[in-house]
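Trainee: Before I look at the chain itself, could you show me how to read a strand in its surroundings, and then how to read an unusual backbone angle?

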Amino acid sequence: MSRAWLQWRRWRARKRATDDAVSRLLSTALPAADAAIGDVELVALDMETNGLDTQNASVLSVGWVIVREGRVDLSSAERSLVSPDEEVGSSATIHGLTDSHLTDGRDIDEAMARVFEVIAGRVLVVHHAGLDKAILDRECCRLAGVPMHVPVIDTLALARVRAARQHHLGGPQSLRLMDLRADYSLPAYASHDCLVDALATAELLLAMLAHHRDGSDSRVWSVVNA
């Protein structure tokens, strides 16, 4: 998505937004057209849900960490549990979150307000925008009547592009987050914890940029892909 197109969509959405946190998010400036990725703050985010249906899945937890000046700022790491409107169900076998874990979780509106506050003015980084970004857009539409319209770097999409380019050179065998980390000699982390996965995504992006950098990846808009 081009910067100009995203900026126009944000301007239109800002006029219609009915939520203060979303209005503030849409009012923040986008990175300059020639902004170097090392000069832009990124926020790597992951969430756990009770399903994969982006229209109906409930958010159970969300975690994030900020990348500043090309480095992961561990002091910025946050994790919120969310009290869902329905039972966790069988998804607990994947992420380990049970109904009792979430009894004291945040209300979804409060949790999303904090997420939108953190994303404002930053580039969102996720592994699989088709899930995490789609659910965030759904919640944004529910609260404010408009999608987020933020620049997104999807490490899964980046990996797919590079795998297509390298198919004859032995590209990655798997595009799962932890398998891709192994391809870049990053340490193995336990998966399906939102904060751990957010950190894993941030580190993966930095490794991908460092490994493949040929000048084309030095600008943030060259890797914004959603």
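**A strand and two loop residues**

Mentor: Let us begin with pairing, keeping in mind that this is a predicted model. One asks which strands are joined by bridges and in which direction they run, and here β2 supplies an example, since the bridge partner of V43 in β2 is I66.

Trainee: How many bridges join β1 to β2, and do the two strands run parallel or antiparallel?

Mentor: Strand β1 and strand β2, the latter covering residues 59-68, are joined by 8 bridges and run antiparallel. With β4, residues 123-126, strand β1 shares 3 bridges in a parallel arrangement, and within that pairing A44 stands opposite V125.

Trainee: Are the faces of β1 covered or exposed?

Mentor: To read this, take the residues on each side of the strand in turn: L42, A44, D46 and E48 lie on one side, V43, L45, M47 and T49 on the other, and all of them are buried. Strand β1, which spans residues 42-49, accordingly has 8 of its 8 residues buried.

Trainee: Which residue in the loop between β4 and α5 should I look at for its backbone angle?

Mentor: Look at H128, which lies in that loop and has a phi near 100°, a positive value in a residue other than glycine. Its relative accessible area is 34%, so H128 counts as partly exposed.

Trainee: What is the phi of S185, and is this residue buried or exposed?

Mentor: S185, in the loop between α7 and α8, also has a positive phi, near 60°, without being a glycine. With a relative accessible area of 69%, S185 is exposed, the cut-off for that word being over 50%.

Definitions and conventions. Residues are numbered from 1 along each chain as its sequence is written. This is a predicted model: local features need pLDDT of at least 70, side-chain atom pairs count only at pLDDT 80 or more; totals for chains, interfaces and linings use all residues. Side-chain values use heavy atoms; hydrogens and water are left out. Buried means under 20% relative accessible area, exposed over 50%, partly exposed in between (1.4 Å probe, protein chains only). Helices (H or I, at least four residues) and strands (E, at least two) are DSSP runs, numbered from the N terminus. Two strands pair if DSSP finds at least two bridges between them.
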